[in-house]
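Student: I am new to this structure, and I would like a close look at a single part of it. Please go slowly, and explain each term when it comes up.

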Amino acid sequence: MTDELRSFLELNLPKVKEGKKSKFSLGVAEPKLGSHISETTKITCQSGEFVLELLRGLRLHFDKFIKDLKSGDLEKAQLGLAHSYSRAKVKFNVNRVDNMVIQAIFLLDTLDKDINSFSMRVREWYSWHFPELVKIVNDNYLYARVAKLIEDKSKLSEEHIPALTEILGDEDKAKEIVEAGKASMGQDLTPVDLINVQLFAQRVMDLAEYRKNLYDYLVTKMNDIAPNLASLIGEVVGARLISHAGSLTNLAKCPSSTLQILGAEKALFRALKTRGNTPKYGLIFHSSFIGRASARNKGRMARYLANKCSIASRIDCFAERGTTVFGEKLREQVEERLEFYDKGVAPRKNIDVMKSAIESTQSKDVEMEEAQPDEATVKNSKKKKSKTEDATAAATDTDVSEDAKSEKKKKKEKAAATNGDASEDAKSEKKKKKEKRKMEQEPGHEEEKTNGVNGDAAEQDGTAKKKKKKSKDEVAASETKKKKKKSQE
């Protein structure tokens with residue numbers, strides 16, 4: 001249940017106190033959703049025919065219950081919901097879209113059929129001119145290349161042997177083709193017929209080359225989408241299983257018993273109808289493991305291989321990171337089971353194998369995490385180097401600028417010194433002129449000074465006279481006091 005649905009229910013429904021039953025019940029169309037809502041929000045939910053009828057009536061008269069809703073708004077909302085749902089279903093990881101694998105394996109199968117039919121047509125067409133070539137060259141692609149190279153059998157000579165050996169990879173076959181061309185029983189063809197045969201052979205060669213490129217593309221896509229399934233059973237068989245199931249998720253949902261008989265549905269239903277033996281394998285039969293098993297153990301091997309394929313498909317579908325570790329370990333288990341059926345060697349337990357696979361994946365994750373900081377340190381060291389280089393360049397620039405500034409300061413100081421000397425000379429001249437003026441004004445000042453000195457001396461004489469008078473008066477007063485004391489006695 002989403003947070004939006006929970007908040008909607010809590011806002012619009014009355015709260016239920018703890019320990020008490022709710023007086024209402026919520027009608028839900030799906031009983032599983034109702035049980036989940038009741039578990040999370042403790043709201044009693046009800047689902048049944050009565051609820052479905054109520055919901056049908058609400059949908060029918062939804063325009064009448066809401067006043068502001070217009071007639072076409074509901075249809076637009078339903079259309080928008082359908083579009084968003086379809087976008088969410090389609091929007092997967094671009095690198096893990098299994099639809100490309102399904103289309104590629106379908107095209108690969110059709111190309112195989114087309115190339116076989118076209119190459120047979122080239123053989124039949126050119127054998128009217130050179131019938132002995134069919135027995136010498138068996139491969140369809142090589143036959144088309146040789147037919148395009150030879151063109152007219154009457155022009156075959158020993159000069160063509162190096163080119164034929166380059167195509168066939170065998171010098172003896174090249175010499176045999178030259179000898180067969182000299183004694184061939186085929187009829188001659190007109191130049192126009194030979195040109196058409198060559199054009200058709202070139203088209204078959206192009207289709208064969210495109211088929212090789214498509215196979216390489218399929219291998220790369222399978223390693224991206226289902227690496228464990230591809231390493232266990234092969235890219236082509238794994239792609240056929242995915243295409244037959246519809247998608248990788250559908251294949252992961254299938255049990256191993258269903259995966260075992262995928263591709264043999266007709267035989268299964270025929271056996272159920274006629275009450276005969278059910279098929280033991282379907283598309284899995286194209287795997288090399290079942291071909292290597294004995295006739296008695298083919299069914300057991302198919303069942304065991306289907307079990308491991310279902311495990312690998314589930315790991316590929318639901319794992320966050322794609323690794324081939326589990327597929328390789330499962331392949332080792334299948335190999336051990338083959339040895340057990342043939343020689344009786346006891347295989348390892350599944351728990352031990354899965355533990356070792358998990359440990360190996362964890363060690364790889366640790367290595368990846370360690371490698372990422374190393375790259376980060378390298379980047380940081382590069383950044384530091386660039387910063388130090390920038391700092392040194394800036395320091396050199398600052399040194400150069402400081403040198404230039406110091407030189408400018410020195411020049412300014414020199415200029416100021418010269419200006420200062422000139423100003424000092426001018427000041428000294430001014431001082432001399434002022435002193436001369438003062439010297440001219442000094443006689444008046446000297447007279448004032450002399451007058452001041454004479455006044456100071458007169459003042460000093462007056463103070464001395466006053467002191468002498470005071471001392472004489474004090475002596476006279478003391479003498480009169482002594483005379484009075486004697487007269488009293």
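Tutor: We will need a word for how open a residue is to its surroundings: with a 1.4 Å probe and protein chains only, a residue is buried under 20% relative accessible area, exposed over 50%, and partly exposed in between. What you see is a predicted model, in which local features need a pLDDT of at least 70 and side-chain atom pairs count only at pLDDT 80 or more, while totals for chains, interfaces and linings use all residues. Residues are numbered from 1 along each chain as its sequence is written, and side-chain values use heavy atoms, with hydrogens and water left out.

The part to look at is helix 11, which covers residues 191–225; helices (H or I, at least four residues) and strands (E, at least two) are DSSP runs numbered from the N terminus. The protein contains 20 helices and 2 strands, and of its 489 residues, 26% count as buried.

Arg-211 of helix 11 is paired with Asp-112 of helix 6 (residues 99–126). The two form a salt bridge, with 2.7 Å between the closest N and O atoms, where the term asks for a side-chain nitrogen of Lys or Arg within 4 Å of a carboxyl oxygen of Asp or Glu. In sequence the partners are 99 residues apart, so this pair links distant parts of the chain. Arg-211 counts as partly exposed because its relative accessibility is 26%, and Asp-112, at 23%, is partly exposed as well.

Another neighbour of helix 11 is helix 8 (residues 140–150): the two axes come within 9 Å and cross at roughly 145 degrees. These axes are lines fitted to C-alpha atoms, for helices over the stretch in contact, and the angle, from 0 to 180 degrees, is taken between N-to-C directions. The crossing is left-handed, which is the word used when the near helix is turned anticlockwise from the far one by less than a right angle. Helix 8 brings Tyr-141, Ala-144, Arg-145 and Lys-148 to the contact, and helix 11 contributes residues including Gln-198, Val-204, Met-205, Glu-209 and Lys-212, contact meaning heavy atoms within 4.5 Å. Sorted by class, the contact has 6 nonpolar, 2 polar and 4 charged residues, where Ala, Val, Leu, Ile, Met, Phe, Trp, Tyr, Cys and Pro are nonpolar, Asp, Glu, Lys and Arg are charged, and the others, Gly among them, are polar.

After helix 8 comes the loop between helix 8 and helix 9 (161–168), where Glu-151 is found. Phi of Glu-151 is near 60 degrees, a positive value in a residue other than glycine, and Glu-151 counts as partly exposed because its relative accessibility is 34%.

Pro-227 lies in helix 12 (residues 227–233) and is buried, because its relative accessible area is 4%. Leaving aside residues up to four places away in sequence, Pro-227 touches Met-222, Asp-316, Gly-322, Thr-323 and Thr-324. Its C-alpha atom is 9.5 Å from that of Ile-315, although the two residues are 88 apart along the chain.

Returning to helix 6, Arg-121 and Glu-124 also meet in a salt bridge, at 3.1 Å from N to O. These two residues of helix 6 are 3 residues apart, so about one helical turn separates them. Both ends are partly exposed, Arg-121 at 46% and Glu-124 at 44%.

For a setting beyond these helices, the whole structure has 8 salt bridges. One of them joins Arg-348 and Glu-336, at 2.9 Å from N to O. Arg-348 lies in the loop between helix 19 (325–343) and helix 20 (350–488), and Glu-336 in helix 19, so the pair ties together parts 12 residues apart in sequence. Arg-348 is partly exposed at 37%, whereas Glu-336 is buried at 19%. Glu-332, Glu-336 and Arg-348 are linked in a network of salt bridges.

A last word concerns confidence, for which pLDDT, from 0 to 100, is the predictor's value for each residue. The mean pLDDT of the protein is 80, and 74% of its residues reach 70 or more. Over residues 416–420, by contrast, the pLDDT is below 50, and this stretch has 0 contacts in the model beyond near neighbours in sequence.
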